[in-house]
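Me: I would like to learn how to read the overall features of a chain and then one helix. Please take me through a case.

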Amino acid sequence: MATHLVTTLLIGLAAIVALASALGAVARRVDLPPVIGEVFAGILLGPTLFGGAVTETLFPTDIRPFLAALANVGVVVFMFLVGLELNHGQLRRGLGVAATVSAGSIVVPFTLGAVLALALADGHPAPDRLAFVLFMGAAMSVTAFPVLARILTDRNMHQTPTGGLALACAAADDVLAWSILAVVVTVVGTGGEQWRMLLLVPYLALMFGLVRPLLRKLAAAGGSPGRLTPAKLGAVLVGLLLSACLTEWIGLHFIFGAFLFGAVMPREAAERMRAEILDGLGQFTGVLLLPIFFVVGGLNVDLSRIGAAGVGELGLILLVAIGGKFTGAFLGARIHGLRARQSATLAALMNTRGLTELIILSVGLQLHLLDRTLYSLMVVMALVTTAMTGPLLRLFHPVPSTPEVADVRQPVS
């Protein structure tokens, strides 16, 4: 790598970290998730402003492959952390209500998203119409579990019945949305190599039958059982990268291998190790690697060329995304006996899409299911639905610091 490329890359990385940190702090000060500011930083550094002059100056074509590689590493680690944060016990405890709410918050937006895809298909042709329809349904159905968890923690709602239920529903939504996306990737296929998808079953058996017990032994090994050491972290990272590599080679996508490796990490007797991994890797990824992902995504967002037709399409996308998710979650909660205000609070939380949505959109872009215009509109939708969570919570749950004492399964009133 030539000296001038190294210099340009390092200057670009410094600009990314500085702007993302600054706008993330601004977002937090105005009671928005920091990811809103960080994504906005990626858009500002993209071609939307000044005809792409900023992009060409900071990120010339020669260094973009290196940025893309770092962004992929960031997504691998992030998806691993999402799987690691998945609370199996919480899923089991809230299974009854969560299943109903999750079903509503998946089925309704998925159906509306599929109908929207049919309306947009002619203006945004995709190589596979079925895959495009399924993809749009999945993109409308996702809830950002990590962003949701942080919103609940910031508002002292994570230990309330509604907060716990929201986390369980979001976890179930994520699993279902990733499953739908896996079907989309399979439909798009990899040419003559689709036979590799047959290896998915042996891969899952390997992860649950061999890797999970080995990780449990790893957590218990050493003089301080459950504590993270450099050797343990190295072993975890090797396993993570190999798992992501396997699913990419099979023909799914590396995000599935990364997510599943985090999901199979043992919970019992390994809480300290999990917490240290989440804290250490989470901070490094959040400060450096994910902002790079936002910029790489921002290079494909050009809002300056949307035009009147694009504004109309954006309105339809927002209507389907917000209305479908809110209506589905609200009705699911009401059917199960939750009060109207609590159901509305839950529905507002389930509308949070955040970074998870951006990762799904990046997969759609890589599969050529989204063109740059539709990708840009969907990114705006992800920002709007995440930003509106705070104001809606203040409306439906005005005193979040007061602990809830009522059970989530209350009669309909």
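The dialogue below goes from the whole chain to one helix.

Reply: This is a predicted model, in which local features need pLDDT of at least 70, side-chain atom pairs count only at pLDDT 80 or more, and totals for chains, interfaces and linings use all residues. Residues are numbered from 1 along each chain as its sequence is written, and side-chain values use heavy atoms, with hydrogens and water left out.

Me: What does the secondary structure of the protein chain come to?

Reply: Helices (H or I, at least four residues) and strands (E, at least two) are DSSP runs, numbered from the N terminus. The protein chain has 18 helices and zero strands.

Me: How many of the 413 residues are buried, as a percentage?

Reply: Buried means under 20% relative accessible area, exposed over 50%, and partly exposed in between (1.4 Å probe, protein chains only). In the protein chain, 54% of the residues are buried.

Me: Which contacts in the protein chain should I look at?

Reply: A contact means heavy atoms within 4.5 Å. Of the contacts with a separation of 6 or more, 82% join residues 24 or more positions apart.

Me: How is the span of helix 16 read?

Reply: The expected span of a helix is 1.5 Å times one less than its number of residues. Helix 16 (residues 354-366) has 13 residues and reaches 19 Å from first to last C-alpha, close to the expected 18 Å.

Me: Why is helix 16 described as largely enclosed?

Reply: Because 12 of its 13 residues are buried, helix 16 is largely enclosed by the rest of the structure. Among the buried ones are Glu357, Ile360 and Leu365. Just after helix 16, His368 has a positive phi of about 65°.
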